[in-house]
Amino acid sequence: MASGSTLTVLFALMAFAFNVFVSSSCYELRDMRARLQEWLSGMGFNPILSEGEGFPHTDGMPPYASCLRTMDECAMVIGVIERQYGTQFDDWGPFPQYKGLAPTHAELRHALDSGKRVLIYVQDSTWAFYDVWRRNPDAFTNGAPPGLDVRTLELLQELKTRSPEPWLSRYSDASSVVASLKSEVINQLFQQFREREKQTADLQQYLLGKLDEAPPDIRQAIAEALNSDLVASRDALKAQLAAIEAERAAGGSDERIRNLEQAKLAAEMRLSEISRQFGFLQTLLARSAAKDAVWLEHVRSTLMPKQPGRAPFHNSLEVALRGYHASPGRRVTPVLSKVTWEKLPHVERGLHRGYYAGVIFHGRDFVPGVTWTTRRCGLEGVLEPGQPHPWMLPNIYYGDYLEVASSDDPIEGPLSFRDYEYQVRNPEGQTSEWVRFSYPFDDVMLEKMRVEQLELGRALLAGDKPVEAVEPMRKAFVFSDRMLGLTHEETLRIKAEWEHTRNEAALSKLRFRVGAHLSVKSGPEAGKSGVIERLLLNHVHAYLIKPAEGELFQASDAQVELADT
């Protein structure tokens with residue numbers, strides 16, 4: 001881990017201060033935001049906070065929408081999520097796609113969609129509530145913990161299901177966030193520098209190609225602009241030669257004429273050397289452009305190169321800079337021929353994938369910015385309950401191949417995608433036909449596993465081991481869902497058994513039942529007492545307690561004990 005002094009030196013070496021946008025609720029996290037502003041300023045950054053002095057606002061635009069414009073000028077975004085979701089707004093000015101979102105939600109989505117470096121910190125308790133809610137979306141239907149907004153959990157779910165998943169970390173307090181930033185910001189800046197260096201190299205190659213195609217006078221002007229020192233020296237020598245000629249024409253002593261001749265000869269020699277350097281520069285530029293001629297022609301003629309193996313194909317910017325752009329005259333409709341699942345090497349040609357298996361799309365005419373979507377077969381575009389239906393970017397793409405990371409479990413990996421169909425869309429809006437997921441499933445083996453898991457789950461439940469029974473019952477439901485169908489009678493029956501098993505498992509972890517008189521020994525309700533009116537299974541604060549006076553409140557098993565009678 002780099003020390004604070006090392007970080008300061010590193011940032012001091014930069015030619016400018018990086019703008020860093022801090023995204024979070026302002027009122028609830030004002031102390032956190034002040035601490036981050038102080039640390040970022042001390043490290044040489046330029047922290048951007050909406051409540052900060054001098055924060056830019058655009059006339060005619062809501063202030064929360066102005067934040068998105070300001071964020072576009074920032075190199076990095078630090079997001080902090082706690083229990084409160086924030087106020088939802090419908091009027092987002094020039095960003096209507098964020099209608100109905102709170103500012104922090106819109107800011108994080110905008111930053112990720114824009115390709116910003118984003119570090120997102122989630123409060124410990126909020127993360128714990130999310131884990132409960134993820135397993136049981138109805139956990140907070142009848143009452144959420146104090147201060148918790150379920151929309152915050154939905155925001156976290158959106159972030160964790162993005163592809164690729166953004167950087168997320170838990171935090172306990174402002175000090176833990178700062179401690180994390182001291183190490184993580186180095187990694188983020190290193191990646192930022194590498195990408196900028198690569199984009200600069202790509203731009204240079206593109207300009208070299210354009211230079212080679214330009215008329216001679218344009219090439220000369222560009223070459224001169226590439227070295228201002230040469231241009232200044234050349235112009236000074238030309239002016240000097242003109243002054244010598246003027247003085248010679250005016251006449252003078254023989255010694256003065258000889259001195260002028262010598263000065264002229266020296267100036268002409270230096271001018272000749274500068275001209276030679278210009279010629280060398282022209283030749284060098286032409287040769288550099290020629291190296292990419294084959295590539296440029298290949299990209300222009302095929303739109304996107306076919307896969308040269310399965311190493312990641314850099315990025316869309318590189319393709320655009322090297323000659324392809326999705327212009328109206330080059331619109332094509334992608335063709336999707338097959339979608340399947342494969343195990344993949346984690347490292348290939350020295351490059352790291354970051355995953356071990358993926359959903360593979362085969363076809364042709366996939367162009368930079370191509371996206372994909374999926375739906376359950378037979379639903380004709382109607383979403384499966386609780387499932388999003390967005391257009392998503394693949395992890396890796398070529399002109400005839402897309403790759404999306406998935407679980408590498410050899411059974412449930414491909415089974416997760418059974419009975420789904422897929423579609424791809426080029427950035428100009430052209431879409432392929434829907435293609436059904438195909439994979440050589442061993443249905444005999446899968447049916448055997450389904451029955452075995454169902455019998456095992458039932459046996460464990462009957463043996464009073466509901467916690468151990470949850471996983472085999474889950475597998476039995478997933479296998480039945482994918483093999484028989486979501487609405488099949490057997491699937492619905494097993495789903496009900498699985499939900500019953502989960503409730504029994506949650507119940508087995510609780511010491512007390514409805515009617516028990518409890519006192520609260522810790523937590524926000526410490527000191528209160530009352531009778532359990534209802535159990536909220538699969539909920540951290542599972543006891544809904546009715547006091548002798550006042551409103552109902554919740555408490556967890558660890559926070560309560562039997563009240564003295």
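Let me start in the loop between strand 9 (357-364) and strand 10 (371-376), which is where Asp365 is found. Please keep in mind throughout that we are looking at a predicted model. Phi of Asp365 is near 60 degrees, and that is a positive value in a residue other than glycine. With a relative accessible area of 24%, Asp365 counts as partly exposed, because buried here means under 20% and exposed means over 50%.

Asp419 can be set beside it, since phi of Asp419 is near 70 degrees, again a positive value in a residue other than glycine. Its place is in the loop between helix 13 (412-415) and strand 13 (420-425). Is Asp419 buried or exposed? With a relative accessible area of 18%, Asp419 is buried, because the cut-off for that class is under 20%.

Ser519, in strand 15 (residues 517-520), is another residue to judge by that cut-off, and at 19% relative accessibility Ser519 counts as buried. Leaving aside residues up to four places away in sequence, Ser519 touches Lys528 and Ser529, and also Gln559, Val560, Glu561, Leu562 and Ala563.

Let me step back to the chain as a whole. Its secondary structure comes to 16 helices and 19 strands, and of its 565 residues, 42% are buried. If we take the contacts in the chain with a separation of 6 or more, 67% of them are between residues 24 or more positions apart.

Now to the helices, beginning with helix 3 (63-71). This helix is mostly covered, with 7 of its 9 residues buried, and those residues are Tyr64, Ala65, Ser66, Cys67, Leu68, Thr70 and Met71. What covers them includes strand 1, strand 2 (46-48), strand 3 and helix 4.

Helix 4 (103-113) can be described in a similar way. Why can we call helix 4 largely enclosed by the rest of the structure? We can do so because 8 of its 11 residues are buried, namely Thr104, His105, Ala106, Glu107, Leu108, His110, Ala111 and Leu112. The elements that cover these buried residues include strand 1, helix 3, strand 3, strand 4 (117-123) and helix 6. Just after helix 4, Gly115 takes a positive phi of about 80 degrees.

These elements bring us to the empty spaces in the model. How many cavities of 30 Å³ or more does a search of the whole structure find? The search finds 2, and the largest cavity holds about 90 Å³ of space. Its lining is made up of Ser24, Ser25, Val80, Ile81, Glu82, Gln84, Tyr85, Ala102, Thr104, His105, Thr152 and Leu155. At least two of the lining residues come from each of strand 3 (76-81), helix 4 and helix 6, and by class the lining has 5 nonpolar, 6 polar and 1 charged residues.

There is also the second largest pocket, with a volume of about 340 Å³. It is lined by 22 residues, of which Ser24, Ser25, Cys26, Pro103 and Thr104 are the closest to its centre. Strand 1 (19-23), helix 3 and helix 4 are the elements that give two or more residues to this lining, and its residues divide into 11 nonpolar, 8 polar and 3 charged. You will have noticed that Ser24, Ser25 and Thr104 also appear in the lining of the largest cavity.

Finally, let us look at how helix 6 meets helix 5. In general, two packed helices are described by the angle between their axes and the distance between the axes. The axes of helix 5 (residues 124-135) and helix 6 (residues 150-160) come within 10 Å and cross at roughly 80 degrees, which means that helix 5 is roughly perpendicular to helix 6. From helix 5, the residues in this contact are Thr126, Trp127, Phe129, Tyr130 and Trp133, and they meet Val150, Thr152, Leu153, Glu154, Leu156, Gln157 and Lys160 in helix 6. Taken by class, the residues of the contact divide into 7 nonpolar, 3 polar and 2 charged.

In the loop between helix 6 and strand 5 (167-171) we find Pro164. A cis peptide bond joins Ser163 and Pro164, with omega at about 0 degrees, and with that I will stop.

How values were computed:
Residues are numbered from 1 along each chain as its sequence is written. This is a predicted model: local features need pLDDT of at least 70, side-chain atom pairs count only at pLDDT 80 or more; totals for chains, interfaces and linings use all residues. Side-chain values use heavy atoms; hydrogens and water are left out. Axes are lines fitted to C-alpha atoms, for helices over the stretch in contact, and angles run from 0 to 180 degrees between N-to-C directions. Helices (H or I, at least four residues) and strands (E, at least two) are DSSP runs, numbered from the N terminus. Angles under 35 degrees count as roughly parallel, over 145 as roughly antiparallel, 65 to 115 as roughly perpendicular and the rest as oblique. Contact means heavy atoms within 4.5 Å. Ala, Val, Leu, Ile, Met, Phe, Trp, Tyr, Cys and Pro count as nonpolar, Asp, Glu, Lys and Arg as charged, and the others, Gly among them, as polar. On a 1 Å grid over the protein atoms alone, a cavity is a set of points where a 1.4 Å probe fits but cannot get out, and a pocket is an open set with protein on both sides within 12 Å along at least five of seven lines; lining residues have an atom within 4 Å of a point. Grid points are joined across faces, edges and corners, and a volume is the space filled by probe spheres set on the points. Buried means under 20% relative accessible area, exposed over 50%, partly exposed in between (1.4 Å probe, protein chains only).
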